[in-house]
Amino acid sequence: MATLPQEPQRELRIRLKLYALRVLRLYDSLPRYGSAQVIGRQLARSGTSPGAQYREACRAKSDADFVSKIEGAPQELDESDYWLDMLIEGKYVQGDRLALLKDETDELIAILVTIVRKVKGRQKH
């Protein structure tokens, strides 16, 4: 089952891994106490999960299996966006410091939603 040609698949895997590492570095930079840690732990979980979900989906045995495994990734990225907003609005981190990470979050969501829609469209035909 081929969902993406090999090179774009590899590029997306790399982007998701780099995204996870950026999230973890952000988590490491947060204050080690109180509500910043609560938000940080949630972000660390939701920001590292999409890469693992995508890797698993790439080993799917069918389109249905692929969709089942990958659908959570955009949801986790959307949750990450929420936690990033909380860090900004709670004034734990300056918004401009997270602008590029928020942009990458939006781009990854758009890519994954497009992939899911294409695969689901193939299933219907």
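Which residues does M86 touch, not counting residues up to four places away in sequence? I started there, and I found I39 and Y92 (contact means heavy atoms within 4.5 Å).

**Ground rules.** I am working with a predicted model, in which local features need pLDDT of at least 70 and side-chain atom pairs count only at pLDDT 80 or more, while totals for chains, interfaces and linings use all residues. I number residues from 1 along each chain as its sequence is written, and side-chain values use heavy atoms, with hydrogens and water left out.

**M86, continued.** I placed M86 in helix 4; helices here are DSSP runs of H or I with at least four residues, numbered from the N terminus. I noted a relative accessible area of 30%, so M86 is partly exposed. For that label I used the 1.4 Å probe and protein chains only: buried is under 20% relative accessible area, exposed is over 50%, and partly exposed is in between. I also looked up A36, which sits 50 residues from M86 along the chain, and their C-alpha atoms are separated by 9.3 Å.

**L87.** I then turned to L87 and left aside its neighbours within four places in sequence. I listed its contacts as L26, L30, I39, L43, Y92, V93 and L98.

**The core.** I looked up the largest nonpolar core, which has 31 residues. Such a core is a set of buried Ala, Val, Leu, Ile, Met, Phe, Trp, Tyr and Cys residues joined through side-chain atoms within 4.5 Å. L87 is one of the members that touch the most others, along with L26, F66 and I70. Helices 1, 2, 3, 4 and 5 each give two or more residues to this core, and helix 5 gives the most, with 8 residues.

**Helix 1.** I checked residues 6–29 and counted 24 residues reaching 35 Å from first C-alpha to last, close to the 34 Å expected (1.5 Å times one less than the number of residues). I found Q9, L12, L16, Y19, A20, V23, L26 and Y27 buried. These pack against helix 2 (34–57), helix 4 (72–89) and helix 5 (95–124).

**Helix 3.** I found D63, F66, V67 and I70 to be its buried residues. They cover an arc of only 95° around the axis (taken from the directions from the helix axis to the C-beta atoms), which puts them on the same side of helix 3. They pack against helix 2, helix 4 and helix 5.

**D63.** Why does D63 count as buried? I read its relative accessibility as 17%, so D63 earns that label. Its side chain joins that of R122 in a polar contact of 2.9 Å. I used the rule of a pair of N or O atoms within 3.5 Å; within protein, one must be able to donate a hydrogen and the other to accept it, and residues adjacent in sequence count only if both atoms are side-chain atoms.
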